[in-house]
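Visitor: I am new to this structure and would like to go through some of its charged side chains. Please show it first.

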Amino acid sequence: MLICLLPVAGVADADLDAMERFVGLYFACETRRLPTLETPDGSHDAKRDQYDATAIMRAALPLCPPGATRLLVVTEHDIFIPMLTFIFGQAQVNGPAAVLSLARLHQGFHGLPEQRELFVERVLKEVLHELGHTFGLVHCADRQCAMSLSINVTNIDVKRGELCAACAANLAERLRVLRRETAAGDGSPTGSGS
Amino acid sequence: MNSTWKILVVDDEVAMRESLAAWLREDGYVVDVAASGREAVEMARGCQYDIYFLDLKMPPGIGGIETMIEIRKLQADAAVVIITAYATVDTAINALKEGAQEYMVKPCNPEEISLFVKRTIEVKNLQRENLYLRQRLTRHYSFQDIVSKNPAMHAIFDLIKEVASQRSTVLIQGASGTGKELVARALHEAGGRAARPFVGVSCAALAETLLESELFGHEKGSFTGANARKRGKFEAAGGGSIFLDEIGDISPKLQMDLLRVLQERKFFRLGGNEEIAMEARVIAATNRNLQEAVEKGDFREDLFYRLNVINIRLPSLCERREDIPLLVNHFIERLALEAGKPVREVSKAALKLLLDHDWPGNVRELENAVERAIVTARGEVLDVPDFDFLAQAPRGNGSRWSVPDGMSLAEIEKHAVESVLDRTDGNIKQAAEILGVDRSTLYAMIRRHNIPR
């Protein structure tokens, strides 16, 4: 199983290192960091001064190498979808890719002094959350589970950096099926995505 | 599980509909998308969505409000959110006036949309649960549950239909186990009060002072132990029905209080000064011969006439023996399912045994007998051995118990209650089952005969 990380211009190497190590350990899989993607043309919305998550995803998907199980696109840009003022990230549930914005995970974004440890903690929780979606997990009612919905950083800080027992068992089962399919030669992502 | 809830997102902009759908899918909902109002209406014809997100303006086709009106024709209870990038007071008012649950201006806060969906699903869950419970109650208490082909019972069904929507007081008379509460509930369900509360009070089960507080409620401090204000059953019944079971056993003081309530349709809580209007319909029931009690001076004549505006007299099971096979099948169908047993029918020999039995406890005794037989039955057919317990207390046409000389009916009743209470070590539930009466009737008998407990 191979999970690829695709940084969009501006993501610090140290942050990518932390994410890659975490993904490799948590999902017990091979990881690969892809070359940095320049900010896609047309993704910036001047009126909102934010970046369109759908446009970034559209530009990133063709860069997913053959044989990759999942693709996680990471950006420092503050991202949105048209209906919402902002999103922390968006995933294709049971699909091949997800995008995660680090912008609002910084204390500095909220006018507070930066706290490196807190930032990394938030990043890793959200990496697990978005990749969890790509493996078919949906939002969990347990507020401490990494799969619970976050609509602000306080929600993220309440979460533990791991899944609740039910989500963990669900993920383990889905990974088991995926590994069996990969061994049988059908390693392609399972969902069609949007 | 959210996967049981379906959402349709309708917007002419592909990025808008696809991204919102993806965001909602992360919550586990089943989300479909449509690019126009017409497509949405077509999709609603084939699938009932729980929530519709409709863009207000979708040129060149029909807009969000017209789409909502069309969808509502197909699905009256659909929850609709109108979304727009260009909010005006007029469009907001128009959308809400036409029945939209929510009007959202894009972009909106993730918290706002998440809370709306959660709240809507919670309400829909409650509606589903409410509908399910109502259907169960209707099945249980409507005429289908009073099974009979007896002409006297059919005359009662007709009377229930006729008077169900009126406010007049009803007095139901009949021996224990004849189904007085079922008739009361049928009266409630068949009329315009069905959506309001049905409140039952067993007048025999409570001491006078407790019953007074139970019926009329009390103010804080009105008596020792009244730590807070309490609403009584008359208030709790609101515009529904109040069922006063075993009315023949209430004390002279309560008879007086009740007469006043029925005459004035107003009452006070105990210790209270505030006059409260009585909106509920009163349905009273008794297994005593109230007319006789009036003649003996045990029951107020004026109250009897107030209660007896519409009189329903329920026949005993012996008077409607032809119903026994129907009732047995009806109980097997329901009770076997509840007990998880494969019992389907009763053998001819067992049915003959049941037809020959006297059933002093009436339909309730028959129901208890069928239930007991089902619990111990091994096969699909209830046979004579399954009803062996009936022979332990022979009451049928065969061996007859002879009454000791000089013993009155009241003495026989007292003796029977005492002996069964002895056998059950004072366990009221068991004793009531053995005697084939309900617990409130047993309490009334204990009080009437001054049996120490």
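**Salt bridges and their surroundings**

Guide: A:Glu173 and A:Arg176 are joined by a salt bridge, with 2.8 Å from N to O. A salt bridge here is a side-chain nitrogen of Lys or Arg within 4 Å of a carboxyl oxygen of Asp or Glu. This is a predicted model, in which local features need pLDDT of at least 70, side-chain atom pairs count only at pLDDT 80 or more, and totals for chains, interfaces and linings use all residues. Residues are numbered from 1 along each chain as its sequence is written, chains are lettered from A in the order in which they are written, and side-chain values use heavy atoms, without hydrogens and water.

Visitor: Which helix holds A:Glu173 and A:Arg176?

Guide: The two residues are 3 apart in sequence, so about one helical turn separates them. Helices (H or I, at least four residues) and strands (E, at least two) are DSSP runs, numbered from the N terminus. The helix that holds both spans residues 165-183 of chain A and is α5.

Visitor: What is the relative accessible area of A:Arg176?

Guide: Buried means under 20% relative accessible area, exposed over 50%, and partly exposed in between (1.4 Å probe, protein chains only). A:Glu173 is partly exposed at 38%. A:Arg176 is also partly exposed, and its value is 43%.

Visitor: How many residues apart in sequence are the parts that A:Asp13 and A:Arg33 tie together?

Guide: A:Asp13 forms a salt bridge with A:Arg33, with the closest N and O atoms 3.6 Å apart. A:Asp13 lies in helix α1 (residues 13-26) of chain A and A:Arg33 in strand β2 (residues 30-33) of chain A, so the pair ties together parts whose separation in sequence is 20 residues.

Visitor: Is A:Asp13 buried or exposed?

Guide: Its partner A:Arg33 counts as partly exposed, at 29% relative accessibility. A:Asp13 has a relative accessible area of 53%, which is over the 50% limit and therefore makes this residue exposed.

Visitor: Which residue of chain B meets B:Glu275 in a salt bridge?

Guide: B:Glu275 is partly exposed, with a relative accessible area of 44%. Its partner counts as partly exposed at 37%. The N to O distance of the pair is 3.9 Å, and the partner is B:Lys266.

Visitor: How many salt bridges does the structure hold over all chains?

Guide: Side chains of opposite charge can pair when their charged atoms come close. One such pair is A:Glu173 with A:Arg176. Over all chains, the number of salt bridges is 40.
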